Amino acid sequence: MRVDHHTVKGNSTLLECKFDLEGSRLYTVKWYKDGHEFYRFLPKDKPQVLTFPVPGVHVDTGNSSASQVLLTDLDLSSTGRYRCEVSGEAPAFETVTDHGDMITVGESSPRPPCIDISFVRCGAAVVNACQRRPPRYVSDMFQKLFHDSEYGERGRLYEMPESLLFYYVILT
């Protein structure tokens, strides 16, 4: 069985349940989230696939089968314990189960970088003060701004540790 341990809100994930019936015939495959059934595969029935509403679970039935279930449009409520249950046909109806835990996280909403650029001619600093560390492209933009400025190659960017909120560019 395979369940991605970490997934991202809005993405998809493939749940896999590999099994060997050792000569028996498949009766059913069921998937559960936190004890609630959301997918059932019955090879002899028409339709073969049934889905049941469970919060945070959106099944792409066209890309799901006896051995895999594609979940789409994940959200934070997709987090949970996923269990696959495989049963053989009568008379034994032998059943095996396995489970895996998945945590779905949301990406932090991107904030536009807050850039305050002050060219100080006497060799002071240019400071970018933000509420959080800006993405790498802001650093690259600072380098380009200085390279294209009257200071040319003399501007060097010094990044502070991630816990600090400033970028300093020291003019050399």
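Here is a short chat about reading the disulfide and the largest pocket.

Trainee: Before we start, what kind of model is this?

Mentor: It's a predicted model, where local features need pLDDT of at least 70 and side-chain atom pairs count only at pLDDT 80 or more, while totals for chains, interfaces and linings use all residues. Residues are numbered from 1 along each chain as its sequence is written, and side-chain values use heavy atoms, with hydrogens and water left out.

Trainee: How many disulfides does a search of the whole structure find?

Mentor: A disulfide is a covalent bond between the sulfur atoms of two cysteines. The cut-off here is a pair of cysteine sulfur atoms within 2.5 Å. The search turns up one: C17 is joined to C84, S to S 1.9 Å. The pair ties together parts 67 residues apart in sequence, because C17 lies in the loop between strand 2 (13-16) and strand 3 (26-33) and C84 in strand 8. Strands are DSSP runs of E, at least two residues, numbered from the N terminus.

Trainee: Which hand does the disulfide have?

Mentor: The torsion about the S-S bond of C17 and C84 is about -85°, so the disulfide is left-handed.

Trainee: Are C17 and C84 buried or exposed?

Mentor: Buried means under 20% relative accessible area, exposed over 50%, partly exposed in between (1.4 Å probe, protein chains only). C17 is buried at 6%, and C84 is buried at 1%.

Trainee: What share of the protein's residues count as buried?

Mentor: Of its 172 residues, 32% do.

Terms used: Helix = DSSP H or I, 4+ residues; strand = E, 2+ residues; numbered from the N terminus.
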